[in-house]
Amino acid sequence: WKVLVVREQGRSFFQGPNDPRMIGLLQAFRNKCASSGMQVPPGPPQVMPTPELPPRQQDPERLNALTMVEGAMKQFGDPKKISIILVLLSDKDDFIYPGIKRIAAVQLGVNTQCMLLKNALKDPNKQDQYLSNVALKVNTKLGGINHRLGGDAMKWLTKAKTMMVGIDVTHPGP
């Protein structure tokens with residue numbers, strides 16, 4: 001796995017790749033993935049910061065910023081050797097997020113999982129739940145199974161004609 005740190009002008013959460021907060025976050029995420037049953041390679045991932053992106057006033061549609069993001073992603077090397085890129089974002093952006101998804105999926109053929117740093121680095125009591133949710137998404141994207149029912153759990157479905165309805169629920173913040 002690789003880590004891309006998207007550096008927005010004036011909103012840097014880290015002082016560099018050796019920042020203790022970043023190392024702690026990546027270690028906590030690695031541990032969460034491992035404790036969830038994923039096989040995570042030993043050692044820290046390769047971390048690639050983007051250059052500081054131009055402000056939105058100078059790059060309203062963020063085309064120059066996305067070119068810089070793409071350049072940083074290509075520095076990871078052969079995309080076929082990358083399972084997933086964890087993208088650390090300092091802020092929500094209507095252009096950067098979909099641009100990263102498009103570059104990674106369409107141009108490079110690599111899975112990505114974005115993590116919003118203001119959520120990942122807040123209250124340590126909430127960090128565990130946030131990292132758990134992100135780990136579930138990563139596991140799914142890498143072909144893992146997050147939930148499985150026992151063999152007898154679904155027998156009641158075969159006793160009569162049954163229609164299944166799926167519902168997705170979001171949980172808003174407080």
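The protein in this predicted model exposes about 11,100 Å² of surface, and carbon and sulfur atoms supply 54% of that area. Buried residues account for 38% of its 174 residues. If you lay the C-alpha trace along its principal axes, the span comes to about 65 × 40 × 35 Å.

As for the fold, count 5 helices and 4 strands, arranged from the N terminus as β-α-β-α-β-α-β-α-α. Contacts reach a long way along the chain: taking those between residues at least 6 apart in sequence, 73% join residues at least 24 apart.

Now for helix 3. Its buried residues are Ile96, Gly99, Ile100, Ile103, Ala104 and Leu108. These pack against helix 2 (63-74), strand 3 and strand 4. After the helix comes Gly109, with a positive phi near 70°.

Three residues are worth a closer look, and here is where they sit.

| Residue | Element | Relative accessible area |
|---|---|---|
| Ser90 | loop between strand 3 (84-89) and helix 3 (96-108) | 6%, buried |
| Cys114 | strand 4 (residues 111-116) | 11%, buried |
| Lys118 | helix 4 (residues 117-120) | 45%, partly exposed |

Start with Ser90. It's a loop residue, sitting between strand 3 and helix 3, yet its relative accessibility is 6%, so it counts as buried, the cut-off being under 20%. What does Ser90 touch, leaving out residues up to four places away in sequence? The list is Val6, Glu8, Arg11, Phe13, Leu116 and Leu117.

Cys114, over in strand 4, is buried too, because its relative accessible area of 11% falls under the 20% cut-off. Skip its neighbours within four places in sequence, and Cys114 is in contact with Val87, Leu89, Tyr97 and Lys101. Take Val87: 27 residues separate it from Cys114 in sequence, but C-alpha to C-alpha the two are 4.5 Å apart in space.

Then there's the charge. Which residues gather in a patch of positive charge on the surface? They are Lys92, Lys118, Lys122 and Lys126. Of these, Lys118 belongs to helix 4 and is partly exposed, at 45% relative accessible area. Across the protein there are 23 positive and 14 negative charges, and the mean positions of the two sets lie 8 Å apart.

How values were computed:
Residues are numbered from 1 along each chain as its sequence is written. This is a predicted model: local features need pLDDT of at least 70, side-chain atom pairs count only at pLDDT 80 or more; totals for chains, interfaces and linings use all residues. Side-chain values use heavy atoms; hydrogens and water are left out. Helices (H or I, at least four residues) and strands (E, at least two) are DSSP runs, numbered from the N terminus. Buried means under 20% relative accessible area, exposed over 50%, partly exposed in between (1.4 Å probe, protein chains only). Contact means heavy atoms within 4.5 Å. Patches are made of residues with over 30% relative accessible area and no salt bridge: like charges are joined within 9 Å, nonpolar side chains (Val, Leu, Ile, Met, Phe, Trp, Tyr) within 5 Å. Accessible areas come from the Shrake-Rupley method with a 1.4 Å probe; for residues, only the protein chains shown count as cover. A salt bridge is a side-chain nitrogen of Lys or Arg within 4 Å of a carboxyl oxygen of Asp or Glu. Lys and Arg count as positive and Asp and Glu as negative; His and the chain ends are not counted. The place of a charge is taken as NZ of Lys, CZ of Arg, CG of Asp or CD of Glu.
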